[in-house]
Amino acid sequence: MLFNSFEFLLFFIIVLILYFRLPKNAVMPMMIVASCVFYCFFIPAYLIILFVVILVDYFSGIGIDKYPAYKKLLLIMSICSNLGILFVFKYYDFFIKTSNDLLGTEWGLLNVILPIGLSFHTFQSMSYVIEVYHGRYPVEKNIGYFSLYVLYFPQLVAGPIECPQNLLPQFKKERHFSWENILLGSRLILWGLFKKAVIADRISFYVNGIFKDASQYETSQVALGVFFFTIQIYCDFSGYSDMAVGISKCFGIDLMFNFNRPLLASNLKELWARWHISLYLWFKKYIYIPLGGNKKGIFVMSLNILLVFLISGLWHGAGFNYIIWGFLNGVFILLYLLINPYLPHSKHPIVKYFGILLTFTTVALIFVFFRSENLQQAKAVFTQLLHPSGKWIFSGTFDQFAYGNMNLLFIMTMIVGMFMVERKVSPPLSFFTHKSWGDILFCIGLILLIFFTGIFTKQHFIYFQF
Amino acid sequence: MSTSVVLVIILSIVFNKGYRKLYQPTYNTLHMVFDDTISYNTLLIGNSKVAFGLNPLYIDSIAQLNAINLGYAAANLPTYDLLLSAYLNKHQAPRFLVMGIENNLFFTDEDHCNKLPLYDYLYREDVATYFEHLKLSYRLQRWIPSTKFMYMDDYSRFGILNAFRGKSLFQQADIYHYKGFYISKNDQKGLQFVPVRKVDTFTQLNQKALEHFEHIVSICTKHHITLLLCFPPMPHQVASITQTPLNLIVEKYLQKQQTFHPFHVLHNDTNRTFAPAYFVDGSHLTYDGSIKYSILIAEYLRHLNTTNEGLK
């Protein structure tokens, strides 16, 4: 079930009413059932995988608590099980294909469809076991609450990846109906829906056309496609995250913000510290810092950064394009860290805006690998970019995919508008806290824009595939 | 005689129950410190300006940390010391300690603190020592808990009075609560003007308060905790008149301490003052003000977290 669908709206209203109407003891089971129903709209059979993850990690936690002597073994077993599930469903075919191509083996492929959001809930579940292992969180003895921690539908399929300290205690606190929460949550949902339906999904037609066969387009059009994809993925994922935070807010449960104006960052390091915050927090906490972080000299730090970004690339998908994407991000961050001490540190707005533009351009070019289905597609895009044809963007080819100049101008206006709003108010929960007429008009404007210009063709959120 | 004793006991039990409800956030803080075993990598310790001012949600998201607000309304330096030491007994050391401080904390040790909730924890050695160190009576309260109300201070009286007048924050229906941070979102109109503040009458630093402060700093050094001291934000008008002798004494003291122990200080200078509309009174923030303050501290922590200074 997609957040941007009518079924979800109905589902959400029913669950919300039940949440505040049912007796206290029935709320947690109801939320588990609701989350299962939500997940069943994708592939029902894959619920089994979710329950395997839940059972393995629940009993690992209990075991770690009960048998401290074996806690390391239990942690390893839990991590291996989670990564094993991830490997089978996400990476097995990739490794077999690579082996068949490079070594001439003839191993068969599994050809299974990737369970939606698998990387998200396995990482969240692993986070619990690691925290229990380190003694930072007491074992959760109630399997219901633990199941809800993994299954909680607002963040089940695309995060934010929450640690147990943030989420589990909130499930246990008193329910408290608040119009304030409902209004704040609804406004966040609106804002997320605007980014998804009005900007991301509209841009996607253009981006899809460019990446399908870049050789057919002018350099300027391909360049615009490359820039647009960065905007698209930002609006798609941050739009989803805003909606997830908003939906959860209506229940009175706070989720962390996953984005903090990343595309307005003035260097790549800043950008990744503000993009998909919960994932980078996970990598930092469980990989970067245990490996020594930046405390063991510049060489170890460089290796750690490269490793984290390589894993991050692989986390996003099983393909060389994702690995290259992760590797390039790591390399550019390292380059930035190495030359940063020699850069002029001026607070002049021109320097700042130049930094933002340079960072955006760099990240957009790296994202070419992320968007391309294979390396040939990426090569075609770069070939077009490196051989300028000199023709201007508005040269007519856009009509091929119903992209008139007016449409392009509309999108650009929306993008500029979005950045202007987010530049002022971010993270998004600081948004719309007032009840002024200006805000009410703004919300009405958003509803009208979504209603009249939103694309509702049941397009999946990009990050669902991870 | 026996009837009146029974009546007094029953009344005191009822009264204590009401009191616990009234001061629920403070009791929650004490529960998180003394009983819980959940560890966080960032502690926000302070008085009401921290408890109702710093939302861990923003700290977590912006600074990529896992913070908990252990703010205790009407707390002083000995109380901060007690909370930190007790937390470290049962939890892992955090990477960051954000401590809300104010000038007057350095000039007094026993005033300006609501001690009543702590009497309920007298069975703990460290709490008993805390009272003993402050030369406060505690033996009677240990055996007859309701006698603690005989030792009500101004803060407790003020809180109870407000509760009877229906003005208490914690009696209002729409309370926002997240990881120890509490605030009422309703009926929070910002100030149109800033009330004149009472002039502090302190003249010299309190030795006991300094001992506790230095103990906190030494704990941080021992456990490799990055300490960030934050003066609370003030309305513009108040900030412009804060260069008092009191400020200079505290600043001089902190600078001296910084030569022995590395810690960070965030002053409420002109860059960190807010418009009066962000305050419910002369020093406490509205819901919007708390977001602004939380983002400000989170941005600073993010800077520390991404440099060598903050990484453990």
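Begin with strands E1 (residues 42–45) and E2 (residues 67–69) of chain B: they run parallel and are joined by three bridges. The model on display is a predicted one. Strands of a sheet pair through backbone hydrogen bonds, in either a parallel or an antiparallel manner.

Next, select Thr42(B) in strand E1 and Ala67(B) in strand E2, which are bridge partners.

Keep E1(B) selected and display its side chains. Which residues point one way and which the other? Thr42(B) and Leu44(B) point one way, Leu43(B) and Ile45(B) point the other way, and all are buried.

Now add strand E3 (residues 96–100) of chain B. E3(B) pairs with E1(B) in the parallel sense, over four bridges. Two of the partnerships can be inspected here: Leu43(B) has Leu97(B) as its bridge partner, and Leu44(B) has Val98(B).

Widen the selection to the whole sheet. The sheet is open and has five strands of chain B, in the order E2-E1-E3-E6-E7, with parallel pairing. E2 and strand E7 (264–266) of chain B stand at the edges; each has a single partner strand, so one side of each is left without a neighbour in the sheet. From one strand to the next, the twist averages 15 degrees.

Finally, turn to two helices that lie across strands of this sheet. Select helix H4 (residues 56–63) of chain B, which lies across E1 and E2 of chain B and runs at about 160 degrees to E2(B). Then select helix H10 (residues 207–222) of chain B: this helix lies across E3 and strand E6 (226–230) of chain B, running at about 165 degrees to E3(B).

How values were computed: Residues numbered from 1 in each chain as written. Chains lettered and ligands numbered in written order. Predicted model: local features only at pLDDT ≥ 70, side-chain atom pairs only at ≥ 80, totals over all residues. Heavy atoms only, no water. Buried < 20%, exposed > 50% of the residue type's maximum accessible area, 1.4 Å probe, protein only. Pairing = 2+ DSSP bridges. Axes fitted to C-alpha atoms, helices over the stretch in contact; angles between N-to-C directions. Contact = heavy atoms within 4.5 Å.
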